[in-house]
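Here are some notes for your review, set out as numbered points to be read alongside the coordinates.

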Amino acid sequence: MKVLRFRRWSAAFAALVTTSALAVALGSSPAAAAGGTGTGYLHTSGNKIVDSTGATVRLTGINWFGMETDNKTFHGLWSSNPWKGQIDKMASLGYNTLRVPFSNDALKPGAVATGVNDYVNPDLVGNTPLQILDKVIDYAGSKGMRIILDRHRPTAAGQSALWYVAATPESKWIDDWKMLAQRYAGNTTVIGADLHNEPHAEGTNPAATGACWGCGDTTRDWRLAAERAGNAVLSVNPNWLIFVEGVSCPSGGLSNVWDNDPSNDEDCGWWGGNLSKAGQFPVRLSVPDRLVYSPHEYATSVYHQTWFDAPNYPANMPAIWDKYWGYLYKQNIAPIMMGEFGTTLQASVDKIWLQELMKYTGTGVNGMSFTYWSWNPNSGDTGGIAKDDWTSINQDKQDILQPYLIPPVGGGGGGNPTPTPTPTPTAGPASCTSSYKLVNSWQGGFQGELTVKNTGGSALGNWTATWSMPSGVTLASAWNAVVTTSGTTWTAKGPDWARNLPAGQSVTIGFTANGPSTPGPEAVTCS
C-alpha cells in the first residue's frame, strides 16, 4: 500500500464457568458456547486466552470512545439514554468486553469531563474523567463484562505515529500506565493495557520518522517500546494482559515510488495492523503468558485498499490476513484480539468484507477475540452499532456479528427507563432569556450549548425554542431536545422526557454542527 489511511479517531466479579471446559472440549457453536468471560484474571496459553481455572475465554467486545477527545469522557453521555442503559444494551446484545480509548490529557489533575447530560445522568455531575471511568468499570463488571484500557492518543489533539510527543514524553506515557495499573490492581474487571493505538509510518523512505518494528532504533522501534512499557505495567500489576498493536510499515517510513529504488518500497498495512515482523522480532515480557497481539483491520469506508479490487476478492483476503497477523494465531505463537475493525456497511464490498472477516476469526470460544469499532454512531468513517439516538441499533451490522458473540454472564438489563408522563400545564405568557457557549471547535465544525430559561410566570407546556444560525451551518447531532432545521432557522422542541419547562427553570440544548463556529445563535425566541 502506497497511501495510508488518516483517521480518528472496583468491584471484582466471579462469572459462572461450570460448563466452559465442556464447551471447549465439544467445540461448541456460538449458540451453545458457555457465556461469560471466565473467572479471575486472564492469561494466555499458546494462541488462547484462558481464565484462572484454565478455561478458554473469547473476548467479543466493542469500543466506546470519547475519553480520548476534548470531552475527556465517553461520548453519548449527552444523549437521552442514561449511561447505564447503554451498557445494559451492549451486554444484552452479547458484547462481553469494553475497550475504552483515552488520552493522557484525561488523566491529568484538574481534567474536566464535558458533554454530560446532567438531567439524564445526575450521578455523574461533578465527576472527574477517572471517576466516571471508575463507575463504568464497576457497572460493566456487575454485568459480567471485562474492560481493556486503550491509550488512544498522547493528547486530546489527535493520534500520533510514535508513542510519545513533546507534550507527553515516553516517561509520562509509562508513568500514567503504571498509575492505572495500580489504580485497578485487584479489580478483575479490568484485564489489561492496549499500550498505544495505531503506531504508524511517517516520513518517506529512506528518511523514515515513524514507528518501525524490529529496526533497533529505540526512538522509533515500537516493539522495543512495547517491551519497556509492558514490563513497567507488569512490575505494578503482573496480572494484566498486555495488548500490543502492529505498525503500518515495518520500516516506519512511507514508500517512495518515484525514486526507482525498490529497496525503499515495502508492503504496508493499516495503521496498527501490520504484525508481519512480530514472528521474527517478538515482544518479550518479564511475566510469561501475558502477551496478546492486537491488530486493526478496516473496510473501504476507511480507505480503499488495492486488495478490495482483486479479481478473486474476497477469496484473496485470508492470505492477506494470514500475512499481516493471522499467522501468529495459526502457528500458536500468541492470541489475537482484533482491537478495531469496522465499516459503515454502505458498500456491498464492505458487507462481504465483514462477513468474511468474521468467518476468518472462527466460531465459538476457540475463535479469535475482538472488539468492534464502535458502539458510537459518531465515528465518521464507520458509524456505530448504536444509531444517532444512542438507543436504537444498526441491525444490519449486529446481524453479521451476532453469531460470533459470547454473551457475558449476567448480561442483559432493564433497557431504558420508561419516562413517567407529566401532565401538560396550561402555558402562560411566553418569556425567556438565552445564553450561548461554544464548547469545542475543529476544522469544519463545532459543538455548542444554547441555554434557554423560562422567565415567565408559569410553565411552558410542550416548549419550543427557535433561533437563527448563519448561512452554511448545518446540524450534525443534538441532545436534550429534538432539533430540526429549515434553512437558517433552527427549532428545538422538548423531548418526551422533558416536554415541559417550569417557570424559572432552564434547559441546555447541546448540538454539534458543520460550518463556521461564529457567530452563534441569534434572535432566540420561545413558546
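**Notes on a parallel strand region, a helix and a cavity**

1. In strand 6, the residue that stands opposite R99 is I148. The model is a predicted one, and the pairing of R99 with I148 is best read together with the rest of the contact between the strands: strand 5 and strand 6 (residues 146–153) run parallel and are joined by seven bridges. Strand 5, helix 3 and strand 6 together form a β-α-β unit, and this unit is right-handed.

2. On its other pairing, strand 5 runs parallel to strand 4, with two bridges joining them; I62 has L98 of strand 5 as its bridge partner. Between these two strands the chain passes through helix 2, from strand 4 to strand 5, in a β-α-β crossover that is right-handed.

3. Is strand 5 largely enclosed or not, and why? Seven of its seven residues are buried, and therefore strand 5 is largely enclosed by the rest of the structure. In a regular strand, side chains alternate between the two faces of the sheet. Here both faces of strand 5 are covered, since the buried residues comprise T97, R99, P101 and S103 on one side, and L98, V100 and F102 on the other.

4. Helix 2 (residues 83–93) is also largely enclosed by the rest of the structure, because eight of its eleven residues are buried. The buried residues of helix 2 are W83, G85, Q86, I87, D88, M90, A91 and L93, a list in which D88 and Q86 appear beside W83, I87 and L93. The elements that cover these buried residues include strand 4 (60–63) and strand 5 (97–103), as well as helix 3 (129–142) and helix 8 (395–401). Just after helix 2, the backbone at G94 adopts a positive phi of about 115°.

5. A separate point concerns the second largest cavity, which holds about 50 Å³ of space. Rolling a probe the size of a water molecule over the atoms shows where empty space is left. The residues that line the second largest cavity are N47, K48, I49, T56, V57, Y329, P335, I336, V365, G367, M368 and S369. Strand 2 (48–50) and strand 3 (56–57) each contribute at least two residues to this lining. Sorted by class, the lining of the second largest cavity consists of seven nonpolar residues, four polar residues and one charged residue.

Key: Residues numbered from 1 in each chain as written. Predicted model: local features only at pLDDT ≥ 70, side-chain atom pairs only at ≥ 80, totals over all residues. Heavy atoms only, no water. Buried < 20%, exposed > 50% of the residue type's maximum accessible area, 1.4 Å probe, protein only. Helix = DSSP H or I, 4+ residues; strand = E, 2+ residues; numbered from the N terminus. Contact = heavy atoms within 4.5 Å. 1 Å grid on protein atoms, 1.4 Å probe; cavity = no way out; pocket = protein on both sides within 12 Å on 5 of 7 lines; lining within 4 Å. Points joined across faces, edges and corners; volume = space filled by probe spheres on them. Nonpolar A, V, L, I, M, F, W, Y, C, P; charged D, E, K, R; others polar. Pairing = 2+ DSSP bridges. Right-handed = clockwise from strand over helix to strand, strands pointing away.
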